[in-house]
Amino acid sequence: MEKLVIIPTYNEKENISSIIRAIFALDKNFHILIIDDGSPDGTAQIVKNLQKNYSNELFLVERAGKQGLGTAYILGFEWAIKRNYAFIFEMDADFSHNPADLQRLYHACKFEGADVAVGSRYVKGGGLVNWPQNRIALSKGASFYTRAITWMPVKDPTAGFMCYKKEVLETINLEQIHFVGYAFQIEMKFASWKLGFKIKEVPIIFQDRTSGSSKMNKGIVKEGILGVLKLRWHSMFKNYRKRVKKTETYKIKPYAPQEIVAGGK
Ligand SMILES: Nc1nc2c(ncn2[C@@H]2O[C@H](COP(=O)(O)OP(=O)(O)OP(=O)(O)O)[C@@H](O)[C@H]2O)c(=O)[nH]1
Ligand SMILES: [Mg+2]
C-alpha cells in the first residue's frame, strides 16, 4: 500500500470509529495506524473491535500512558518507513480535519511536486469554523510569531493535517525531534524546509471538535513559544541542518514487543 494515515489518540471514544470508517469510505484506499496512549475511556478496545472488519488495513500501537503527540508521531513515522509507505499522513481523530481533504493533500504530493503538503487554515480558500475567539487568536498569534522569528514561508506552521513523502521522513533525523505539542508541528515543517524540501499549503476548512474533549494545555503553548526561539537559535549558530539530517549510521529503533498490540503487516 501507498498511503498511511497516522492518528494519535487519547480519549477519543466518541470519534474513533466514525473517523476510521470515514477514511476507509474514501474511494482511494488508505491504511490507518492508530497510536493510543492507554486512553482510560477504552479507545483502543474500539479499534481492536474494528480490526475484525479491517484486518489488513487498520493497525494499532498501544503505549502505556499519555506521552504526547510528538512522540506518537515519531513512532508512527518509523513504523511507516519500515513498511515502505510512500505517503504518510498526520491527522487528528476529532473531525477538525475533514477526511475528504486527505485526497487533496495526497494529490499535492503525488502530482503537484510537493514533498510536504500542509492542510492550511491561513491561505486563500482556507478557514475556521466554530472555533472560539481565544483559540483563533492563539493559533493566528502562533502563526505570526513563528513566521516573524523563523522566516519560514509557511502560513499555518502549527497545522497538524499533513502529508509527507517518505523521503522527507527518511532524511530527517527523527531522534533529534523532541517537542511534543505545537512545537513538534512547527519543527517538522522547519526541518523539512531547512533540508530543502518543497512545502505546499493546501487550503482546508478546520472545524472545532463537536465530541470529546481538547487535550490542549498551557505546557503546549509554553513549549511552542520557547521552541520557536530555540529553533531560530540553533539554525543561526549551531548548524541546525547538520543536526537534523540523518546520517548513515542512524538506525530505526526496534519497538519494545509489549508496545505492539496489533498490526503485523
Ligand atoms: N497518542 C496520543 N494522542 C494524543 C495526545 N494528546 C492529544 N492526542 C490526540 O491528538 C489529536 C489532537 O489533539 P486535540 O486534543 O484535538 O488537540 P488540538 O486539536 O490541538 O486541540 P482542540 O482544537 O482543542 O481539539 C487528537 O486525535 C488527540 O486524541 C497524546 O498525548 N498521545
Ligand atoms: Mg483537535
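Here is a short exchange about this predicted model.

Visitor: What makes the chain as compact as a globular protein of its length?

Guide: The chain has nine helices and ten strands. Its radius of gyration is 17 Å, and the globule rule gives 18 Å for 265 residues, so the chain is as compact as a globular protein of that length. The C-alpha atoms fill a box of roughly 50 × 45 × 40 Å along the principal axes.

Visitor: Why are Leu102 and Tyr106 called buried?

Guide: Buried means under 20% relative accessible area, so both residues fall below that cut-off. They belong to helix α4, residues 101-111. Asp101, Gln103, Leu105, Ala108 and Cys109 are also buried there. Across the chain, 52% of the 265 residues count as buried.

Visitor: How do you know what the buried residues of α4 pack against?

Guide: Contact means heavy atoms within 4.5 Å, so atom distances decide. By that test, the partners are α1 (16-24) and the strands β1 (3-9), β4 (87-90), β5 (116-120), β7 (162-165) and β8 (199-203).

Visitor: What follows α4, and what is the sign of its phi?

Guide: Gly113 follows α4. The phi of Gly113 is positive, near 85°.

Visitor: How do you know how far apart in sequence the contacting residues lie?

Guide: Take contacts between residues at least 6 apart in sequence. Of these, 82% join residues at least 24 apart.

Visitor: Which atoms make up 54% of the accessible surface?

Guide: Carbon and sulfur atoms do, out of about 12000 Å².

Visitor: How far apart are the mean positions of the positive and negative charges?

Guide: They are 5 Å apart, for 39 positive and 26 negative charges.

Terms used:
Residues numbered from 1 in each chain as written. Chains lettered and ligands numbered in written order. Predicted model: local features only at pLDDT ≥ 70, side-chain atom pairs only at ≥ 80, totals over all residues. Heavy atoms only, no water. Buried < 20%, exposed > 50% of the residue type's maximum accessible area, 1.4 Å probe, protein only. Helix = DSSP H or I, 4+ residues; strand = E, 2+ residues; numbered from the N terminus. Rg over C-alpha atoms; globule rule 2.2 N^0.38 Å. Areas by Shrake-Rupley, 256 points an atom, 1.4 Å probe, with all protein chains shown as cover. Lys, Arg positive; Asp, Glu negative; His and termini not counted. Charge placed at Lys NZ, Arg CZ, Asp CG, Glu CD.
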